[in-house]
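Please open the model in your viewer and keep the sequence panel visible beside it. The tour below proceeds by selections, each followed by an account of what is there.

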Amino acid sequence: MIRLLVAEDMHIVRSALVALLDGEDDLEVVASVARGDQVLDALGSAAVDVAVLDLEMPGGDGVSVAARIRREAPGTKVIILTALGRPAAVRGALAAGVDGFVLKNAPVEDLVDGIRRVAAGGRVLHPELAAAAVQRGDSPLTQREAGVLSLVAEGCTVREAAQRLSLSEGTVRNYLSMVVDKLHARSRTDAVNIAQGNGWI
């Protein structure tokens with residue numbers, strides 16, 4: 001029997017996952033939580049073979065929680081479950097030592113098979129996700145450029161971004177121009193979409 005922990009902040013999704021996984025003869029969900037900061041406590045009170053973690057949840061995202069599990073409960077395998085297959089998220093998960101990365105829109109069989117594989121010592125990562133993570137690489141943006149673009153993504157005007165960063169409006173425009181050039185974007189909006197799609201902001 002493979003003992004599981006499920007961490008997912010959306011109640012309906014978490015309940016459905018628990019029901020689906022418990023329906024398998026060789027899987028048993030022994031703990032389920034809604035927040036990242038509840039995972040380690042749950043692991044301390046129940047022996048868990050595989051933790052299935054949502055990538056984005058309150059109290060600690062799946063990658064940071066996976067890193068803590070590696071340090072504090074190294075015998076527990078980790079699968080990240082996400083609706084977004086952003087390359088940066090995949091790279092972060094792999095760097096944190098996760099054993100699997102499964103998309104939420106994949107068939108349930110993929111998750112069940114992935115759990116069995118990582119429990120047996122294997123790793124699970126969709127080939128397209130792996131290729132995208134390698135091909136797109138690290139962010140070409142400097143920390144300041146990413147910061148300026150993040151404010152634009154939040155809806156800030158050039159003036160508002162300049163005020164928040166204690167920069168002149170001309171300097172903010174220069175940063176945005178460099179970002180558009182670096183990302184080969186058509187506009188600032190396009191640059192935001194490219195950067196968010198790659199997980200760079």
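A residue is called partly exposed when its relative accessible area lies between the limits for buried, under 20%, and exposed, over 50%. Arg173, at 41% relative accessibility, therefore counts as partly exposed. Please bear in mind throughout that this is a predicted model.

**First selection: helix 9**

Select residues 169-182, which form helix 9. Within this helix, display the side chains of Glu169 and Arg173, which form a salt bridge whose closest N and O atoms are 3.5 Å apart. The two residues are 4 apart in the helix, about one turn. An α-helix has 3.6 residues a turn, so residues three or four places apart point the same way. Glu169 is partly exposed, at 29% relative accessibility.

**Second selection: the sheet**

Now select the strands. They include an open sheet of 6 strands in the order 2-1-3-4-5-6, with parallel pairing. Its edges are strand 2 (27-33) and strand 6 (124-125), each of which pairs on one side only. At the second of these edges, strand 5 and strand 6 pair in the parallel sense over 2 bridges. To see one such position, display Gly100, whose bridge partner in strand 6 is Val124.

**Third selection: strand 3 and its neighbours**

Which residues of strand 3 point one way, and which the other way? Select residues 50-54 to find out. Val50, Val52 and Asp54 point one way, whereas Ala51 and Leu53 point the other way. Is the strand mostly covered or uncovered? It is mostly covered, with 5 of its 5 residues buried.

Add strand 1 (residues 2-7), which pairs with strand 3 in the parallel sense over 4 bridges. Here Leu5 stands opposite Ala51 of strand 3. Then add strand 4 (residues 77-82), which pairs with strand 3, also in the parallel sense, over 5 bridges. In strand 4, Leu81 is the bridge partner of Asp54.

Keep Asp54 displayed and add Glu8 and Lys104. These three residues are linked in a network of salt bridges. The structure as a whole holds 13 salt bridges.

**Fourth selection: helix 3**

With strands 3 and 4 still in view, select residues 62-72, which are helix 3. Strand 3, helix 3 and strand 4 together make a right-handed β-α-β unit. Follow the chain from one strand over the helix to the other in order to trace this unit.

Next, display Arg68 and Glu72. Their side chains meet in a salt bridge of 3.3 Å, N to O. Both residues lie in helix 3, 4 residues apart, about one turn of the helix. Arg68 is partly exposed, with a relative accessible area of 35%, and Glu72 is partly exposed as well, at 47%.

Now display Arg70 and Asp99, whose side chains meet in a salt bridge of 2.5 Å, N to O. Arg70 lies in helix 3 and Asp99 in the loop between helix 4 (87-95) and strand 5 (100-103), so the pair ties together parts that are 29 residues apart in sequence. Arg70 is partly exposed, with a relative accessible area of 24%, whereas Asp99 counts as buried at 10% relative accessibility.

**Fifth selection: helix 5**

Select residues 108-119, the 12 residues of helix 5. From its first C-alpha to its last, helix 5 reaches 17 Å, close to the 16 Å expected at 1.5 Å a residue. Which residues of helix 5 are buried? They are Leu111, Val112, Gly114, Ile115 and Val118. Turn the view so that you look down the axis of helix 5: its buried residues fall within an arc of 160°, so they line one face of the helix. Just after helix 5, select Gly121, which takes a positive phi of about 100°.

**Last selection: Ser45**

Finally, select Ser45, which lies in helix 2 (residues 39-45). Ser45 is exposed, with a relative accessible area of 64%. A polar atom of the Ser45 side chain lies 3.1 Å from the backbone oxygen of Ala42. Add Ala31 to the selection: Ser45 and Ala31 are 14 residues apart along the chain, and their C-alpha atoms are separated by 8.9 Å.

Terms used. Residues numbered from 1 in each chain as written. Predicted model: local features only at pLDDT ≥ 70, side-chain atom pairs only at ≥ 80, totals over all residues. Heavy atoms only, no water. Expected span 1.5 Å × (residues − 1). Buried < 20%, exposed > 50% of the residue type's maximum accessible area, 1.4 Å probe, protein only. Arc of directions from axis to C-beta. Pairing = 2+ DSSP bridges. Right-handed = clockwise from strand over helix to strand, strands pointing away. Salt bridge = Lys/Arg side-chain N within 4 Å of Asp/Glu carboxyl O. Polar contact = N/O pair within 3.5 Å; in protein donor to acceptor, adjacent residues only side chain to side chain.
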